[in-house]
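Thanks, everyone. I will go through one structure, starting with a single residue and moving outward from there.

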Amino acid sequence: DRRRAHAAWRLSALAQRIADYAAMETTARQAVEYARRAGDDEIRLLAQRLLAMSLDFQGRSAEGRSLAEEGLAEARSLGLRRVEGLYLNALGVMLAMHSDDVGALLVDQQSLVAYRAAGDRRNEAIAHGNIGAGWLGLGDLARARGELEEALRLMRINGERALEVSPLCALSTLALWQGDDAHALVHARAA
């Protein structure tokens, strides 16, 4: 059951990547059930996170957000800091999709704390990028630049070349907004 849970969770993540939200929901529900039978709280919570997001993506926002908040509370009670960070990220995505940019930024900042506590350097870098993008969207270009540059620095240290695209695109936008066409082009080409 633990292996089935892991496989169903991965299938749910794949369905998310290809925007098949019905399949994402179905496989996440399967993963939750298998993980429950196996007694694996971490995989169950990871699958429940995908389930919550799939519900939100399908227009069942209240149900998805409630499930995500329940999962966040449980991850915190179990001391699963990385999983806590992932739930905060999911809530940030949900809030951003519903134009709550301030709320999304606040949970992204909380996710950074959780990832640091867990020693999750990959997601720490991603959180910096999300925070930078949040500040960019809110018009605080100085804070945006600092967070985006930190995200890029950490991604390079971690060897996460594919992840560099997001902060580079945001830095390109930032430079463009500041009238620095040359740097905007440098960042865009690097991305």
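Start with Asp-120, which counts as buried because its relative accessibility is 12%, below the 20% cut-off. This is a predicted model, so please keep that in mind throughout. Asp-120 lies in the loop between α6, residues 101–118, and α7. Leaving out residues up to four places away in sequence, Asp-120 touches Arg-82 and Tyr-115.

That takes us to Tyr-115, which is found in helix α6. Is Tyr-115 buried or exposed? Tyr-115 is buried, with a relative accessible area of 2%. With the same sequence neighbours left out, Tyr-115 touches Arg-82, Gly-85, Leu-86, Asn-89, Asp-120, Asn-123, Glu-124 and Ala-127. Arg-82 therefore appears in the contacts of Asp-120 and in those of Tyr-115, under the 4.5 Å limit between heavy atoms. Take Leu-86 from the Tyr-115 list: Tyr-115 and Leu-86 are 29 residues apart in sequence, and their C-alpha atoms are 8.5 Å apart in space.

Next, the pocket. The largest pocket has a volume of about 840 Å³. Its lining is made up of 24 residues, and those nearest the centre are Arg-17, Arg-49, Arg-122, Asn-123 and Ile-126. Asn-123 we have already met, as one of the contacts of Tyr-115.

Which helices supply at least two residues each to that lining? They are α1 (2–17), α3 (41–57), α5 (81–97), α7 (121–138) and α9 (165–177). The most comes from α1, with six residues. Sorted by class, the lining has 13 nonpolar, six polar and five charged residues.

Now the rings. How many aromatic pairs does the structure hold? It holds one. The pair is Tyr-21 with Phe-57: the ring centres are 4.7 Å apart and the planes stand at 55°, so the pair is tilted. Tyr-21 lies in helix α2, residues 21–38, and Phe-57 lies in helix α3, so the pair ties together parts that are 36 residues apart in sequence. Tyr-21 counts as partly exposed, because its relative accessibility is 26%.

Last, two arginines placed over tryptophan rings. The charged end of Arg-10 sits over the ring of Trp-9, 5.8 Å from the ring centre. For Arg-143, the charged end sits over the ring of Trp-135, and the distance to the centre is 4.4 Å.

That is what I had.

Methods
Residues numbered from 1 in each chain as written. Predicted model: local features only at pLDDT ≥ 70, side-chain atom pairs only at ≥ 80, totals over all residues. Heavy atoms only, no water. 1 Å grid on protein atoms, 1.4 Å probe; cavity = no way out; pocket = protein on both sides within 12 Å on 5 of 7 lines; lining within 4 Å. Points joined across faces, edges and corners; volume = space filled by probe spheres on them. Helix = DSSP H or I, 4+ residues; strand = E, 2+ residues; numbered from the N terminus. Nonpolar A, V, L, I, M, F, W, Y, C, P; charged D, E, K, R; others polar. Buried < 20%, exposed > 50% of the residue type's maximum accessible area, 1.4 Å probe, protein only. Phe/Tyr/Trp six-rings, centres within 6.5 Å; stacked < 30°, edge-to-face > 60°. Lys NZ or Arg CZ within 6 Å of the ring centre and 35° of its normal.
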